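The exercises below ask you to read a model step by step, each with a task and a worked solution. Please keep the sequence and the three-dimensional view open as you go.

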Amino acid sequence: MADALRRIGPFASRAAPLFWLVVTVAFTFLGLLAITFVIGRVVPIDPVLAVVGDRASRETYEAARLAMGLDDPMIVQFARYVLDVVQGDLGRSVGTGRPVAEDLARVFPATLEMATLGIIIGVVVGVPMGVIAAARQGTWIDQVIRVLGLAGYAIPAFWLGLVGLVIFYAKFRLVGGPGRIDIFMDGMVPVRTGLLLIDSLIAGDMRAFRSAFSHIVLPATILGFFSLAYIARMTRSFMLEQLGQEYIITARVKGAPERVIIWRHAFRPIRVQLITVIGLSYAGLLEGSVMIETVFSWPGIGNYLTTALLNADMNAVLGATLVIGAVFIGINKGSDLLYRLLDPRARA
Amino acid sequence: MNVLSRDWLLSEDPETRAQAKLGQFYRVVRALSRNPLAMVGLAIIIALLLVAAFASWIAPYSPFEGSLQNRLQPPSVAHWMGTDELGRDIYSRVIHGARITLMIVLLVAVIAAPLGLIVGAVSGYFGGWVDRVLMGVTDVFLSMPRLILALAFVAALGPGIENAVIAIAITAWPVYARIARAETLTFRTAEFIAAVQMQGASHARVIWRHVIPLCLSSTIVRVTLDMAGIILTAAGLGFLGLGAQPPMPEWGAMISRGRAFILDQWWVATMPGFAIVIVSLGFCLFGDGLRDVLDPKQKVKS
């Protein structure tokens with residue numbers, strides 16, 4: 001197929017990589033749908049029994065089975081499932097009684113808010129740390145990053161969340177407890193964007209903003225810690241690679257000040273590489289928030305997913321899996337694309 | 001020459017295959033022992049093995065029975081990690097939990113690593129459409145969030161430790177497939193492969209006897225490095241109530257039980273966490289050291 005495209009002409013050959021990217025992304029999404037479909041249909045939970053109950057007569061059972069289209073070939077069922085999902089129909093949740101898509105749209109902003117604050121912390125602290133560690137190799141800050149990197153691999157996020165709650169909430173009362181906002185202010189801020197920090201600012205309610213901030217700061221910092229460990233480590237190794245290049249020696253010989261060499265010469269070329277790293281860890285944070293949300297009773301998609309898991313609410317489980325998976329894939333492929341567009345070396 | 005002497009082991013022209021293998025092994029061990037952090041990691045792993053093997057002798061109390069008069073006691077000389085809500089000694093439970101953690105880690109490695117190895121080796125060896133299809137599937141799995149996928153699988157299979165192992169293994173193999181394929185591609189057209197093929201060896205024999213053995217070391221390195229992640233995922237599943245079920249003393253499940261008392265009796269939830277951190281750290285450190293020795297290419301990159 002690639003050969004055929006190449007033969008069509010110069011335009012096609014330039015568009016070919018983009019074409020293949022679209023194909024891979026589409027294939028990946030289809031794969032995600034296939035996985036959730038298989039989990040939902042082939043596993044030993046009878047979807048008919050879930051609807052009619054286990055005391056239904058044989059006839060009712062058969063009628064329901066036919067009505068649900070479960071006697072169709074698997075491939076037809078899969079096609080119907082894909083069509084449903086594309087049209088935004090994820091089925092109804094047994095737990096909340098509402099359509100899953102509606103539930104997810106309601107809880108998603110809470111997760112987005114926490115993960116975004118987390119990645120901001122990770123980037124703002126992690127990138128300069130990595131740069132400095134590379135510039136002063138072997139000093140204490142270099143060691144700190146090694147330890148942080150190891151800690152990021154070895155510490156369970158949910159446990160760190162609990163320890164954080166014990167220390168900063170129970171012991172020193174520095175931050176708010178579980179939840180998004182103090183209980184007496186819950187639901188008082190008019191919902192505009194669903195992001196509580198922004199909504200309370202729009203409403204001009206500083207008390208609500210302070211409360212929301214004191215609740216989000218601990219979970220977001222813990223999420224940020226995990227991304228910062230990764231971002232700092234990657235920044236350090238990218239920087240070391242650049243600092244070993246000959247043009248850096250040239251700049252040194254010319255007598256450029258160290259600050260200029262580090263930030264202008266060495267840092268600039270790695271910015272594009274960092275986009276991929278930041279994209280990856282942002283996607284990772286969405287996943288990590290599942291555990292953190294459970295610990296902090298944060299009403300986001302992770303909490304929704306774990307609640308549904310414990311209630312065997314399969315539509316909700318699969319819907320949440322699908323949305324998290326899709327966002328994860330979207331961010332990954334998006335940062336990949338951005339990398340290709342911005343880096344002249346990748347374009348050639 | 002004196003068998004098993006240093007010179008015999010390090011001989012540049014070994015006389016038998018066994019001598020070559022022992023020599024290689026000795027070189028790896030020697031290089032590893034020069035890395036203090038890797039030795040710390042190894043010590044932790046050996047400690048884990050010993051604790052798991054002799055849990056019943058090491059633990060001062062029963063992991064399942066306690067007395068309710070003793071419930072939620074803070075750490076003391078008698079119970080130096082305190083007691084939980086049923087009066088059970090947390091230290092004894094953490095010790096017995098080592099068995100569960102070790103079992104999960106080993107089972108996942110035994111299921112996922114061979115699966116990934118075979119998929120990767122077959123894919124790289126045949127190339128063409130086989131490669132495209134197998135790697136397409138692998139990439140789909142790779143671009144999925146692992147924890148979420150494992151959660152969904154456990155939700156479908158039902159909670160329990162066996163299903164948790166299966167779910168983690170399903171999400172763990174693609175990495176090994178990628179590594180094995182990359183490794184295979186480097187020697188796919190090498191002369192020794194062509195030589196075996198011309199002697200009439202079947203594809204299965206070439207893959208099994210000549211391709212897979214060469215992919216082993218990089219896969220082993222990766223599995224060791226992944227152990228920490230597997231432990232964290234298993235503990236996470238246990239924490240969410242989807243992994244090991246009570247009264248099993250699984251560390252994640254213990255943390256989950258302790259959550260209810262976290263604000264007043266902090267030790268119930270935090271103590272098992274230290275065990276998780278130490279063991280994961282052990283695998284991380286040892287894996288890093290092993291990588292530096294067995295797979296020096298990787299070191300340059302990261």
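**Exercise 1. The overall make-up of chain A**

How many helices and how many strands does the secondary structure of chain A come to?

Solution. The secondary structure of chain A comes to 15 helices and zero strands, where helices (H or I, at least four residues) and strands (E, at least two) are DSSP runs numbered from the N terminus. Residues are numbered from 1 along each chain as its sequence is written, while chains are lettered from A and ligands numbered from 1 in the order in which they are written. This is a predicted model, in which local features need pLDDT of at least 70 and side-chain atom pairs count only at pLDDT 80 or more, whereas totals for chains, interfaces and linings use all residues. Taken along the principal axes, the C-alpha atoms of chain A fill a box of roughly 90 × 70 × 40 Å.

**Exercise 2. Confidence**

Find which elements of chain A have the lowest and the highest mean pLDDT.

Solution. Begin with the chain as a whole: the mean pLDDT (the predictor's confidence in each residue, from 0 to 100) of chain A is 84, and 92% of its residues reach 70 or more. Among the elements of chain A, helix α1 (residues 2–8) has the lowest mean, 49, and helix α6 (residues 100–135) the highest, 92. Over residues 5–12 of chain A the pLDDT is below 50.

**Exercise 3. Helix α5 and one of its residues**

Compare the reach of helix α5 of chain A with its expected span, and then decide whether A79(A) is buried or exposed.

Solution. Helix α5 (residues 74–86) of chain A has 13 residues and reaches 18 Å from its first C-alpha to its last, close to the 18 Å expected, the expected span being 1.5 Å times one less than the number of residues. Just after α5(A), G88(A) takes a positive phi of about 85 degrees. A79(A) has its place in helix α5 of chain A, and A79(A) counts as exposed because it has 12 C-beta neighbours inside 10 Å. The cut-offs are these: a residue is buried if 20 or more other C-beta atoms, placed from the backbone, lie within 10 Å of its own, exposed if 12 or fewer, and partly exposed in between. For the whole of chain A, 39% of the 348 residues count as buried.

**Exercise 4. The two domains**

Work out which helix gives the most to the side of domain 1 of chain A that touches domain 2 of chain A.

Solution. Chain A is divided into domain 1 (2–86) and domain 2 (106–347), with bounds that come from an automatic or database domain assignment. The contact takes 10 residues from domain 1 of chain A and nine residues from domain 2 of chain A, two residues being in contact if their C-beta atoms, placed from the backbone, lie within 7 Å. On the domain 1 side, helix α2 (residues 10–41) of chain A gives the most, with eight residues.

**Exercise 5. Where the chains meet**

Identify the residues of chain A with which A152(B) is in contact.

Solution. The contact between the chains takes 35 residues from chain B and 37 residues from chain A. Among the elements of chain B that give two or more residues to its side is α7 (146–157). Leaving aside its neighbours within four places in sequence, A152(B) is in contact with T36(A), I39(A), V317(A), L318(A) and T321(A).
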